[in-house]
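The following report walks through one protein model, from its strands and helices to a few individual loop residues. Please keep the sequence and the structure at hand while reading.

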Amino acid sequence: MIKIHGNFKEVIKHLIVIVGIWVAVLSLFKIKKSGVSKTLKSMQDVHAYVEKRIAPFAKEDVLCALDIDLTLLQPDHPAFFIPNVRKHIKTYRNIEKPYSHLDKTLPFVYSFLHEQRLVDSHVYDLLKALKGIKTIAFTATFTGPILHFKRLEQLRYEQLKEKNICFEGQFKDEDFALTECPSYRSQYPCFYKGVLCSNSENGTTTKGTVLCTFLRKINWTPKCIVLIDDRAKNLQDVAKSLRKEFPTTKFIGIEFLGAHQYCPENISKEDFRNY
């Protein structure tokens, strides 16, 4: 029998601990990225990737969902361009402090009031390629009345329609509330003319919960679901919910960062704060 000296035993023990830590770290990283199949910065790349990944499935077995804000649309003002927000993040945090008790989605409501631009005009090519596949917009937008709007979901529908993006006419029922979900602000998540609204991702429901509730409501189990969203957190949440409630469904989550690099106009710290 080979004798192992005490010092050597200690070295082996330390190596085992180090390897264990590395395995844990890698596992955490894997969990963090779970749900994100690919990170892309252009709709041309999204188009190519989606076509390839959904090719094995029949069109009637696929659902494609696209986030609205910073995926399809973004406010056309330099104060809302992501590089400018990052540049003045300290100023933004100071502005935000007095309103820390409010829902974090409220600033996005303010952004809806501005003229919207397409994040990437190549989205039209993607939507053309998805013809015959059930495709919806999927947003964290509040539902129901807010400010002077009777229905915020109707505003989002109209903003998309102004850009010649329309998802209505693909389901039998085009306007219903998901009352199976908890209410938030006395409102429920809803589906309105092809736009699925989760009624705030910081409230009582998340995108994963809302999507699964929507699928049960319409009594459909797609074989493949594609979600294109600028937030990895939403992709991870949807992936987790689908694994639990629709385990046979293939999920393709695309983190789209096209809006994160768009900044044709800078804004000063003073103008940012005053705005």
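Within strand β10, Phe256 is the bridge partner of Leu40. The model in which this pairing is found is a predicted one, and the values given below are to be read with that in mind.

## The sheet around β10

The pairing of Leu40 with Phe256 belongs to a ladder in which β1 and β10 (residues 250-256) run in the parallel sense over 3 bridges. Another position of that neighbourhood is Lys38, which stands opposite Ile254 in β10. Strand β10 also pairs with β9, again in the parallel sense, over 6 bridges, and here Asp229 has Glu255 of β10 as its bridge partner. In general, the strands of a sheet pair through backbone hydrogen bonds, in either a parallel or an antiparallel manner.

These strands are part of an open sheet of 8 strands with mixed pairing, whose order is β1-β10-β9-β2-β5-β8-β7-β6. Its edges are formed by β1 (38-40) and β6 (175-177), each of which pairs on one side only. On average, and with direction ignored, neighbouring strands of the sheet are turned by 20° against each other.

The bridge partners named for β10 are gathered here.

| Residue | Partner in β10 |
|---|---|
| Lys38 | Ile254 |
| Leu40 | Phe256 |
| Asp229 | Glu255 |

How many of the residues of β10 are buried? The strand is mostly covered, with 6 of its 7 residues counted as buried. Two helices are in contact with β10. Helix α2 (residues 43-54) lies across β1, β2 (62-66), β9 (224-229) and β10, and runs at about 170° to β10. Helix α9 (residues 232-245) packs on the sheet as well, where it touches β9 and β10, and its direction makes about 175° with that of β10.

## The protein as a whole

The protein contains 10 helices and 10 strands, and 46% of its 275 residues count as buried. Among the contacts with a separation of 6 or more, 79% are made by residues 24 or more positions apart. One pair that is separated in sequence is Phe80 and His114, which are 34 residues apart along the chain and 9.9 Å apart in space, taken from C-alpha to C-alpha. Phe80 itself is found in the loop between β3 and α3 (82-87), and it counts as buried because its relative accessibility of 18% is under the 20% cut-off.

## Helix α8 and the loop residues

Helix α8 (residues 207-217) is mostly covered, since 8 of its 11 residues are buried; among them are Val210, Leu211, Phe214 and Leu215, and also Lys207 at the start of the helix range. Just after α8, Asn219 takes a positive phi of about 60°.

Most residues other than glycine have a negative phi. Against that background, two further residues deserve mention. Asn199, placed in the loop between β8 (195-197) and α8, has a positive phi near 65°, and with a relative accessible area of 0% this residue is buried. Leu70, in the loop between β2 and β3 (73-75), has a positive phi of about 70° although it is not a glycine, and Leu70 too is buried, with a relative accessible area of 12%.

Asn199 is also one of the contacts of Thr143, a residue found in the loop between β5 (134-139) and α7 (152-162). Is Thr143 buried or exposed? Thr143 counts as buried because its relative accessible area of 2% is under the 20% cut-off. Leaving aside residues up to four places away in sequence, Thr143 touches Glu153, Arg185, Gln187, Tyr188, Pro189, Cys190, Cys197 and Asn199.

## The second largest pocket

The second largest pocket holds about 200 Å³ of space. It is lined by 13 residues, of which Leu127, Thr135, Cys166, Phe167 and Gln170 are the closest to its centre. By class, the lining of this pocket is made up of 7 nonpolar, 4 polar and 2 charged residues.

Note on methods. Residues are numbered from 1 along each chain as its sequence is written. This is a predicted model: local features need pLDDT of at least 70, side-chain atom pairs count only at pLDDT 80 or more; totals for chains, interfaces and linings use all residues. Side-chain values use heavy atoms; hydrogens and water are left out. On a 1 Å grid over the protein atoms alone, a cavity is a set of points where a 1.4 Å probe fits but cannot get out, and a pocket is an open set with protein on both sides within 12 Å along at least five of seven lines; lining residues have an atom within 4 Å of a point. Grid points are joined across faces, edges and corners, and a volume is the space filled by probe spheres set on the points. Ala, Val, Leu, Ile, Met, Phe, Trp, Tyr, Cys and Pro count as nonpolar, Asp, Glu, Lys and Arg as charged, and the others, Gly among them, as polar. Two strands pair if DSSP finds at least two bridges between them. Helices (H or I, at least four residues) and strands (E, at least two) are DSSP runs, numbered from the N terminus. Axes are lines fitted to C-alpha atoms, for helices over the stretch in contact, and angles run from 0 to 180 degrees between N-to-C directions. Contact means heavy atoms within 4.5 Å. Buried means under 20% relative accessible area, exposed over 50%, partly exposed in between (1.4 Å probe, protein chains only).
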